[in-house]
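Please describe how one helix sits within the nonpolar interior of this protein, and which parts of the chain pack against it.

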Amino acid sequence: MKKEISLTIIYLQSLKSIGDQLIGETFNYLLNNIAKEKNIKLNITKLDYNFNTDRFIKFLNFNNRLQKVKMCLEYKFKNFPVPEKIINNFIFILIFLYWNKNGKLTNNYKNTLKNSNAVIFAGGGLFQHSYNNLWCFAYTIVQYCQKYNKNVCFNAIGIEKPDIFLENILYKYIFSRKCVKTVTTRDDIDYLKTIANKNCELILDPAMWASELRQEKPSLSPTIGIGVIRPEIFANNNIKTSIHDIINLYTGIIIELENRGYKWELFCNGTLSDYNFGLKLLDILNKDASKIAKCPKTVDDLLRTVTKYKAIIAARLHANIIATSFNIPVIGLVWNKKLLRFAEIINSPAAYITSKKFSDSKYIIDELEKVIEIGLDKQLIHNLKEYSYDTMKEVYNFEN
């Protein structure tokens with residue numbers, strides 16, 4: 001008789017990024033495969049990071065008010081500057097105290113977690129992008145699991161060292177809880193090892209199994225896909241660029257592609273702000289709206305979009321991951337170090353494009369042509385997937 005185990009998978013969906021939805025689907029696929037090999041029956045419940053709750057909306061509003069107060073104080077006392085690090089840490093204390101008091105788990109979460117043997121965070125940038133405050137749900141769920149003796153695993157998480165010292169301390173606190181049994185990352189393994197007092201492993205993002213989850217066949221289209229992203233995200237991640245710089249980046253890529261005789265099309269990962277920026281670019285270039293692919297609404301939509309291109313230049317990490325999974329040549333436009341880490345892991349034959357090269361469209365297309373000519377290292381990617389799967393099989397033994 002098969003052993004039955006109830007698991008709760010925590011994943012991101014409410015941010016409306018289909019890349020995060022893909023993580024949930026591919027990780028579910030991998031877990032079921034592992035369970036089948038171990039002759040275990042899994043009862044899986046998926047829980048979304050629910051960003052639409054009244055509590056979280058109030059939390060965001062509180063955070064926004066604090067940021068406005070900060071701006072006012074900086075302006076009023078500009079002749080008596082207080083170090084920004086001190087201000088940011090003080091604000092983080094207020095944000096944390098507010099969430100700790102008001103960010104209680106809903107009954108839906110409690111009822112699901114209560115009936116689970118273990119809780120697994122499927123992946124995604126949970127400990128990246130401080131402005132999203134994704135730590136808040138992880139903290140609350142881990143606190144609940146610690147209290148009620150539920151095992152917690154973090155799978156292939158995105159993580160980067162925060163600029164705020166106290167946020168770094170909070171990360172360390174979360175990973176030090178006794179209930180946290182496993183932490184793997186797709187990202188900064190060196191930093192993770194400094195804050196997690198348990199075995200840590202670097203593995204691939206679950207979305208690298210997209211080509212196995214859906215048997216899409218890449219088309220023989222000559223079109224280059226250009227993955228757009230909202231221009232403000234660069235400044236949000238401390239990259240000193242203006243909206244004008246990002247407009248020039250994309251228009252330069254398009255003009256250079258046309259000069260070399262390539263067909264092209266804009267696309268996005270499903271985020272409406274990205275799609276609207278794409279429409280703005282087309283308006284600037286006096287191009288028809290037919291030059292942007294329909295905004296995907298589902299994982300299947302996104303996979304069909306990416307796999308119809310000969311190659312892609314994209315800013316969103318999961319557009320890069322999907323293309324790599326389907327062996328489609330790809331280079332990334334870097335707004336966050338996680339793209340550079342991904343390029344390093346897969347040993348990309350072309351450089352991922354950082355802000356230093358945003359104005360050099362000739363260089364960008366030269367790098368694109370390099371990866372088209374050389375191709376991706378399929379054997380390395382196969383080995384990485386094999387290692388990552390074996391690591392997941394080992395750490396998700398379902399026995400404890």
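In this predicted model, helix α10 is followed by G261, a residue whose phi is positive, near 85°. The helix itself, residues 243–259, has 17 residues and reaches 24 Å from its first C-alpha to its last, close to the 24 Å expected at 1.5 Å a residue.

Buried positions in α10 are I246, I247, L249, Y250, T251, G252, I253, I254, E256 and L257. What covers them includes α15, together with the elements tabulated here.

| Element covering buried residues of α10 | Residues |
|---|---|
| β8 | 223–227 |
| α9 | 232–236 |
| β9 | 263–267 |
| α11 | 272–284 |
| β10 | 311–314 |

The contacts of I253 give a more detailed view: leaving aside neighbours within four places in sequence, I253 is in contact with I226, I313, L333, S361, I364 and I365. S361 has its place in helix α15, residues 361–374, and, with neighbours within four places in sequence again left aside, it is in contact with G252, I253 and E256. With a relative accessible area of 18%, S361 counts as buried, because that term applies under 20%.

On the wider scale, the largest nonpolar core has 91 residues, of which Y250, I253, L257, L266 and I312 touch the most other members. The largest share of this core, eight residues, is contributed by helix α1, residues 18–37. Apart from it lies another core, of 49 residues, including L47, Y171, V183 and I195.

Notes:
Residues numbered from 1 in each chain as written. Predicted model: local features only at pLDDT ≥ 70, side-chain atom pairs only at ≥ 80, totals over all residues. Heavy atoms only, no water. Core = buried A, V, L, I, M, F, W, Y, C linked by side-chain atoms within 4.5 Å. Buried < 20%, exposed > 50% of the residue type's maximum accessible area, 1.4 Å probe, protein only. Helix = DSSP H or I, 4+ residues; strand = E, 2+ residues; numbered from the N terminus. Contact = heavy atoms within 4.5 Å. Expected span 1.5 Å × (residues − 1).
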